Amino acid sequence: MAGFKLGIVRLGQAAGKIKYALLDERDISLVQDYAFEARTEIDQDGTGAKVYAYAYRMHSGRHTGQHLHEIIWERHSGGIAPGWKVIHKNNITVDNRLENLCLVPEHFKQVSCPETELSSKYSKDQSLYWIAVQQLHNIDPLHHHIQESIFTRLLDRDGDPVCEEVAISESGCVLFYECHYPPCTNMEKHIREFSICGRCQTVRYCGVGCQQKDWPVHKQLCRERIKPEIMEYPDR
């Protein structure tokens, strides 16, 4: 591991949190020509969502942009032929190190592997992306001044924000919650898959570990949810 270096690019906010892209040091030079942003994309089968790094040449405009992992693959391994696509081996879609990318047939459906199962706490905590962003979480002032409300945005199948009442009442909408802890990229694939903060009953976590690590920051904004009073009227 001697001389092994990585770069991190801030992508901005997506799914309610500040996102970063993890790159090999040799690809950091892309920031000289490209602008970066985070994009939330809903799975076509309606079973979840993912956040990707998106990049476009600053002098050409957004219409020339593409996924960052595709740019990196083409930069080092050549073009992507029709019928093929590039995926992230560890399912962390903002970890764009070349060794984490793989070319597969277009119809290939990626499933959760042991390294990214929610129950595998050790492997997730030890991933390079997790370690890097966890350190940024402790020093980046933006993490500590973000308003709590943006963490609870709901998205419809097209990735557009929608209020909870509409999402519940309209069959065309599905609720996707992302783990509230900034370094974690896990998103729900099933309704009520994540646990909810018992105090504010607003934010959700993929596991106890993330909830405990996020508490020092979350407790500054966490307020106990006041239950509405039920008025009882005497029978007449």
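Visitor: Which residue takes a positive phi just after H1?

Guide: Just after H1, it is Gly78 that takes a positive phi, of about 95°. The name H1 rests on DSSP runs, numbered from the N terminus, in which a helix is H or I with at least four residues and a strand is E with at least two. This is a predicted model, in which local features need pLDDT of at least 70 and side-chain atom pairs count only at pLDDT 80 or more, while totals for chains, interfaces and linings use all residues. Residues are numbered from 1 along each chain as its sequence is written, and side-chain values use heavy atoms, with hydrogens and water left out.

Visitor: How many helices and strands are there in the protein chain?

Guide: The protein chain holds six helices and 11 strands.

Visitor: Why is Leu23 called buried?

Guide: A residue is buried under 20% relative accessible area, exposed over 50% and partly exposed in between, using a 1.4 Å probe and protein chains only. Leu23 has a relative accessible area of 0%, so it is buried. This residue lies in strand E2, and, leaving aside its neighbours within four places in sequence, it is in contact (heavy atoms within 4.5 Å) with residues including Leu6, Val9, Leu68 and Ile72. Of the 236 residues of the protein chain, 44% count as buried.

Visitor: Which residues of H1 are buried, and what covers them?

Guide: In H1 the buried residues are Leu68, His69, Ile71, Ile72 and Trp73. Their cover includes E2, E3, E4, E5, strand E6 (84–88) and strand E7 (101–105).

Visitor: What makes a nonpolar core, and which residues have the most contacts inside the largest one?

Guide: Such a core is a set of buried Ala, Val, Leu, Ile, Met, Phe, Trp, Tyr and Cys residues joined through side-chain atoms within 4.5 Å. The largest one has 31 residues, and those with the most contacts inside it are Leu11, Phe36, Leu68, Ile72 and Tyr129. Two or more residues each come from strands E1 (6–14), E2 (17–24), E3 (34–42) and E4 (49–57) and from helices H1 (68–77) and H3 (128–139). The largest share, five residues, is given by E2. Apart from this core lies another, of 12 residues, including Phe194, Cys197, Cys206 and Cys210.

Visitor: How do you know that E3 and E4 are paired?

Guide: Two strands pair if DSSP finds at least two bridges between them. Nine bridges join E3 to E4, which run antiparallel, so the requirement is met. One residue of the first strand, Ala35, stands opposite Tyr56 in E4. Together with E5 these strands make an open sheet in the order E3-E4-E5, with antiparallel pairing. E3 and strand E5 (66–67) each have a single partner strand and stand at the edges, so one side of each has no neighbour in the sheet.

Visitor: How do you know that Lys19 forms a salt bridge with Glu178?

Guide: A salt bridge needs a side-chain nitrogen of Lys or Arg within 4 Å of a carboxyl oxygen of Asp or Glu. The closest N and O atoms of Lys19 and Glu178 are 3.1 Å apart, so the pair qualifies. It links distant parts of the chain, with Lys19 in strand E2 and Glu178 in the loop between H5 and E10, 159 residues apart. Both residues are buried. The structure holds six salt bridges.

Visitor: What makes Arg75 and Asp27 a salt bridge, and is each of them buried or partly exposed?

Guide: Their closest N and O atoms are 2.7 Å apart, so this pair also satisfies the limit. Arg75 has a relative accessible area of 39% and is therefore partly exposed, whereas Asp27, with 0%, is buried.

Visitor: Why does Glu188 have no salt bridge?

Guide: Lys and Arg count as positive and Asp and Glu as negative, while His and the chain ends are not counted. For buried Glu188 the nearest side chain of opposite charge, Arg204, is 4.4 Å away, so the distance limit for a salt bridge is not met.

Visitor: Which backbone nitrogens does the side chain of Glu188 reach?

Guide: It reaches that of Glu193 at 3.1 Å and that of Phe194 at 2.9 Å. These are polar contacts, because the term asks for a pair of N or O atoms within 3.5 Å; within protein, one must be able to donate a hydrogen and the other to accept it, and residues adjacent in sequence count only if both atoms are side-chain atoms.
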